[in-house]
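These exercises ask you to read a protein structure step by step. Try each task on the structure before you read its solution.

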Amino acid sequence: MTLRRPRSPTAPPPQPQPAAGEEGSAGASDERVAAARQELLEGVGAEIAASFPGITRLGGQVVAALYLADAPRSMDELSQELGRSKSNIFANLRGLEAAGIIERRRESGARHDSFALRGKYPDVIVGAYLARLRRVVQDKRALARRALDLLGDAEGAEADAMRSRLVDLSRKYDLFADLMEQLLPSIDGPVDLERLVAQVPEAVVRSLNAAARVAWAAGDAINRLSARASRKR
């Protein structure tokens, strides 16, 4: 009978070894996850930077990181996760908060603030963009009126030409503002796109599509006629 040597009580139990190919498969999967994550960070970064002045690509990456996170993130966590300085993260957090895209939280007992999206993505971006568009239209509407007031009753060919352009500009911004008030009531927060689309009857969508096509075609025709008239002069 052969006696077996007892195991040392401090020796760790033998660990199961991965089957052939499992380790390589896990590594490849991790690489694909990292690639997909980086693609989203870059894409959202470019989207946000192009749509919101004062917010850089890093701000968009913060949005993507918060979207992928399963809990609010502190500034330190975002800095470590994105590999950027806390000062850059902080500047973009302020811009995102001012745009209504993220919100600041202070959990009970926590020493530092944490940040989360104000709503679902991309709903929160659409809501913030529409709110910004509304402000832009109102600002440009007021700008055209101020310029007209400054021009006053000035006389001369140059004054008349400027007055004509300012009146036309003011008319267009008035039209845009009225249209937004009718179609997009005051928005403060995320826009539930899925619910919005689901509530629009298909017949209305078809009618809007047809009306838009007619409007674009009419606009192109008017532009062509105006161009021809200008060349004949």
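**Exercise 1. A network of charges**

Task: Find which residues are linked with Glu97, Arg104 and Arg106 in a network of salt bridges.

Solution. The model is a predicted one. Step 1: look for a further charged side chain beside the three named; Asp113 completes the network, which links Glu97, Arg104, Arg106 and Asp113 by salt bridges. Step 2: put the network in context. The whole structure holds 15 salt bridges according to a search.

**Exercise 2. Three salt bridges, one by one**

Task: For the pairs Glu81 and Arg37, Arg141 and Asp178, and Asp160 and Arg163, give the distance between the N and O atoms and the place of each partner in the chain.

Solution. Step 1: take Glu81 and Arg37, whose side chains form a salt bridge with N to O at 2.2 Å. This pair joins distant parts of the chain, since Glu81 belongs to helix H3 (residues 75–82) and Arg37 to helix H1 (residues 22–51), 44 residues apart. Glu81 has a relative accessibility of 33%, so it counts as partly exposed. Arg37, at 28%, is partly exposed.

Step 2: take Arg141 and Asp178. Their closest N and O atoms are 3.9 Å apart; the cut-off for a salt bridge is within 4 Å, so the pair counts. Arg141 sits in helix H5 (residues 123–151) and Asp178 in helix H6 (residues 157–183), 37 residues apart, and the pair links distant parts of the chain. With a relative accessible area of 17%, Arg141 is buried, whereas Asp178 is partly exposed at 38%. The limit that decides the matter for Arg141 is 20%, because buried means under that value.

Step 3: take Asp160 and Arg163, where the closest N and O atoms lie 3.1 Å apart. Both residues are in helix H6, three residues apart, which is about one turn of the helix. Asp160 is partly exposed with a relative accessibility of 45%, and Arg163 is partly exposed at 23%.

**Exercise 3. Two helices in contact**

Task: State at what angle helix H2 and helix H4 pack, decide whether they are roughly parallel or roughly perpendicular, and describe the residues of their contact.

Solution. Step 1: read the geometry. Helix H2 (residues 57–68) packs against helix H4 (residues 86–98) at an angle of about 75°, and their axes are 9 Å apart. Step 2: classify the angle. Angles of 65 to 115 degrees count as roughly perpendicular, and H2 and H4 are therefore roughly perpendicular to each other. Step 3: list the residues. From H2 come Leu58, Gly59, Val62 and Val63, and they meet Asn88, Ile89, Asn92, Leu93 and Leu96 of H4. Step 4: sort them by type. The contact of H2 with H4 has six nonpolar residues, three polar and no charged.

**Exercise 4. Two buried residues**

Task: Decide whether Gln61 and Ser114 are buried or exposed, and list what each touches beyond its neighbours in sequence.

Solution. Step 1: Gln61 belongs to helix H2. With 11% relative accessibility, Gln61 is buried. Leaving out neighbours within four places in sequence, Gln61 contacts Leu41, Glu42, Gly45 and Leu82.

Step 2: Ser114 lies in strand S3 (residues 114–117). Ser114 has a relative accessible area of 9% and is buried. Residues up to four places away aside, Ser114 touches Pro72, Arg73, Ser74, Glu103, Arg104, Arg105 and Glu107. One of these, Arg104, is also a member of the network in Exercise 1.

**Exercise 5. A peptide bond**

Task: Which form does the peptide bond from Tyr121 to Pro122 take, and what is its omega?

Solution. Step 1: recall the usual case. Most peptide bonds are trans. Step 2: read the bond from Tyr121 to Pro122, which is cis, with omega near 10°. Step 3: locate it. Pro122 is in the loop between S3 and H5.

**Exercise 6. The whole chain**

Task: Summarise the elements, burial and confidence of the protein chain.

Solution. Step 1: count the elements. The chain has eight helices and three strands, and from the N terminus on they run α-α-β-α-α-β-β-α-α-α-α. Step 2: consider burial. Of the 233 residues, 24% count as buried. Step 3: check the confidence. The mean pLDDT is 83, and 75% of the residues reach 70 or more. Over residues 5–9 the pLDDT is below 50, and this stretch has one contact in the model beyond near neighbours in sequence.

Methods: Residues are numbered from 1 along each chain as its sequence is written. This is a predicted model: local features need pLDDT of at least 70, side-chain atom pairs count only at pLDDT 80 or more; totals for chains, interfaces and linings use all residues. Side-chain values use heavy atoms; hydrogens and water are left out. Helices (H or I, at least four residues) and strands (E, at least two) are DSSP runs, numbered from the N terminus. Buried means under 20% relative accessible area, exposed over 50%, partly exposed in between (1.4 Å probe, protein chains only). pLDDT is the predictor's confidence in each residue, from 0 to 100. Contact means heavy atoms within 4.5 Å. Axes are lines fitted to C-alpha atoms, for helices over the stretch in contact, and angles run from 0 to 180 degrees between N-to-C directions. Angles under 35 degrees count as roughly parallel, over 145 as roughly antiparallel, 65 to 115 as roughly perpendicular and the rest as oblique. Ala, Val, Leu, Ile, Met, Phe, Trp, Tyr, Cys and Pro count as nonpolar, Asp, Glu, Lys and Arg as charged, and the others, Gly among them, as polar.
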